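These are my notebook entries on one chain. I set down what I looked up, one topic at a time.

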Amino acid sequence: MWQVFIKELIELLRDKKTLFFIIALPMVIFPVVFGVMGFLGTKAAITEQEKVIRYVLVNESVAPEFATSLFYHNDFKSMKIEVENEEDIINKIKADELDLVIVLNKDFRAQLTNSEPSVWKIYFNGSNLIGGTKRKVEEALATFSETLQKEMLVNLGFDESQFEVFKKPIEIEEIDTADERESFGEQLGGFIPYLLIPLCLTGAMYPAIDLGAGEKERGTIETLLLTPVSRFALVIGKFLCIFTTAIMTAMITIFSMVFWTFIVGQVFDVKEVSEILSSVGWFEYSLIVLLLAPVAAIFSATLLAISIYASSYKEAQNYMGPMSIFVIFPVIVGMTPGISLNATWALVPISNVALAIKELLKGTLEYSLLIPIFASTGVFAFISILFCVYWFNKESVLFR
C-alpha cells in the first residue's frame, strides 16, 4: 500500500499540471483575487464619488433657495431638458440622458405655511449597488430641510443653540463589544472557506483523473492489477496519494492567505490587518487543516470512484464538472448572514466545516461542537472510502 502511495506521489509530482494546481494556483489566487477585487472596488467607488449628477428640477420656482444651492453644488449639473410626464422622465433616465429628476410639490409653500409635510418625488436609477445619486441628493435635501427648520423655529422664538438641541436632543456614543478580530471574521470569515474548500476539490480532482481514468487511457491498469499487490492496497494507495495532494493544496492556500494578507498590511501600512492575523494563532490554523482533512477524504474517495468508472480522461472530466456546483452550495452557508454554527449545523457535512472555519477566524468557536463536526464528516469520509474500495473491486467497472 505504501509502495503504491509513494510511487503514485512521485509520478504526480513530475506532472507540471498537477504541480500548478497544488502549488501555483493557491499561491497566486489570493493576491490575484484580493488585488483585482480591491482595485475594481476602489476604482468603482472613486468613479462614483467623482461622478457629476445630471439633473432636472421640476417646479423649481416654489423653492428657489433649493434650486440655487443645487445649481452651485459641485456634484450636480443642471440640464436644460424638458420632461413632460412620469413616463417621459423614466425613459430619459433609462436612455442615460439624465441621472436625476426632482419633482417639487406645487403647493410646497402653502403646505409649509400650514405646517403640513410636502411630498417631493425623486426619480433615479438605483440598480448600482454603490451608486451615490441617492446619497448625494439626500444630503442636499437634508441641508435644505435643516435650513427650513431653523427658519421656522427662529420665527417661533428659538435661538440657534436651542435649535441644535431641538434638532438632536440625544447624542449616541457607540461602544462595540466585538473586537477587531471578531468583526474581521464576521465580514471575511465566510469568504475564506469559499476559497479553501473548492481548492481542496481542485487539488484532488486532477490527480484523481490521472490515477483512475488516466491509467485506463494509457493501458497500464491491467499491468498494475497483475502485480503482487492486493486491490485493496492499490486503491488505498491511490486514495492516500490524492488525499495528500488535497491536503497540501489546503496547507499551501492557508500559508498563501496569511503571507499575502501580511504583505498587504505591511506595504499599505494597514496595521489592523497584521494585528488581526497575529491574533489568529498557529493552533487555529492547524485546526483549520484538521477540519479540512475529512472533507478532503470525501473529495478524494468520491473523485477516485468517478475516475475509476470513467473510461477516458475526457469522460472523467465531464463527470467531475458538476462536483464543483454541488460543493459550492453547502459552502455558501458560511457566507449567509444570520447562520451560525450550532448543534444542528455541526451535523451537516461541508457546511459545518465552513461555519467552523468562520468561527475560528472570529475567535468565537465552541470547541465542544468539534466532536459532532468530526463525527459527521468522518462518517461520510469512511463511507466514501468503503464505496471506492468496493467500486475498484468490480470487474464491470474497471473494464467497461
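**Entry 1: aromatic pairs.** I began with the rule for aromatic pairs: rings of Phe, Tyr and Trp (its six-membered ring) pair if their centres lie within 6.5 Å. I noted that the model is a predicted one. By this rule I obtained a count of 13 aromatic pairs.

I looked up Phe108 and Trp120 in detail. Their ring centres are 5.2 Å apart and their planes stand at 70°, so I recorded the pair as edge-to-face; the cut-off for that class is over 60 degrees. Phe108 belongs to helix α5 (residues 108–113), while Trp120 sits in the loop between α5 and β4 (121–124). The two are 12 residues apart, and the pair links distant parts of the chain. I also checked their accessibility: both Phe108 and Trp120 are buried.

Next I turned to Tyr309 and Tyr319. Here the ring centres lie 6.0 Å apart and the planes are at 45°, so this pair is tilted. Tyr309 is in helix α14 (residues 282–309) and Tyr319 is in helix α15 (residues 313–332), so the pair ties together parts 10 residues apart in sequence. Are these tyrosines buried, exposed or in between? Tyr309 has 30% relative accessibility and counts as partly exposed. Tyr319 is also partly exposed, with a relative accessible area of 36%. I then found that Tyr309 and Tyr319 form one aromatic cluster with Phe387, Tyr390 and Trp391.

**Entry 2: α3 against α6.** I looked up how helix α3 (residues 64–71) meets helix α6 (residues 133–155). Their axes come within 11 Å and cross at roughly 140°. That makes α3 oblique to α6, because roughly antiparallel would require an angle over 145 degrees. The crossing of α3 with α6 is right-handed. Which residues make the contact? From α3 they are Glu65, Phe66 and Leu70, and from α6 they are Ala140, Leu141 and Phe144. Sorted by class, this contact has five nonpolar residues, no polar ones and one charged residue.

**Entry 3: α16 against α17.** I then examined α16 (351–362) and helix α17 (residues 370–392). Their axes come within 10 Å and cross at roughly 145°. I recorded the crossing of α16 and α17 as left-handed. Asn352, Val353 and Ala356 of α16 make the contact with Ile373, Ser376 and Thr377 of α17. By class, I listed three nonpolar, three polar and no charged residues in the contact of α16 with α17.

**Entry 4: positive phi values.** I searched for positive phi in residues other than glycine. Asn59 is one of them, with a phi of about 65°. Asn59 lies in the loop between β1 (53–58) and α3, and it is partly exposed, with a relative accessible area of 25%. Ile350 is likewise not a glycine, and its phi is near 70°. I located Ile350 in the loop between α15 and α16. Is Ile350 buried or exposed? Its relative accessible area is 12%, so I entered Ile350 as buried; the cut-off is under 20%.

**Entry 5: the chain as a whole.** Finally, I recorded totals for the chain. How many helices and strands does the chain have? I noted 18 helices and four strands. Of the 400 residues, 43% are buried. Among contacts with a separation of 6 or more, 74% are between residues 24 or more positions apart.

Technical notes
Residues are numbered from 1 along each chain as its sequence is written. This is a predicted model: local features need pLDDT of at least 70, side-chain atom pairs count only at pLDDT 80 or more; totals for chains, interfaces and linings use all residues. Side-chain values use heavy atoms; hydrogens and water are left out. Axes are lines fitted to C-alpha atoms, for helices over the stretch in contact, and angles run from 0 to 180 degrees between N-to-C directions. Angles under 35 degrees count as roughly parallel, over 145 as roughly antiparallel, 65 to 115 as roughly perpendicular and the rest as oblique. A crossing is left-handed if the near helix is turned anticlockwise from the far one by less than a right angle, and right-handed if clockwise. Contact means heavy atoms within 4.5 Å. Ala, Val, Leu, Ile, Met, Phe, Trp, Tyr, Cys and Pro count as nonpolar, Asp, Glu, Lys and Arg as charged, and the others, Gly among them, as polar. Rings of Phe, Tyr and Trp (its six-membered ring) pair if their centres lie within 6.5 Å; planes under 30 degrees apart count as stacked, over 60 as edge-to-face and the rest as tilted. Buried means under 20% relative accessible area, exposed over 50%, partly exposed in between (1.4 Å probe, protein chains only).
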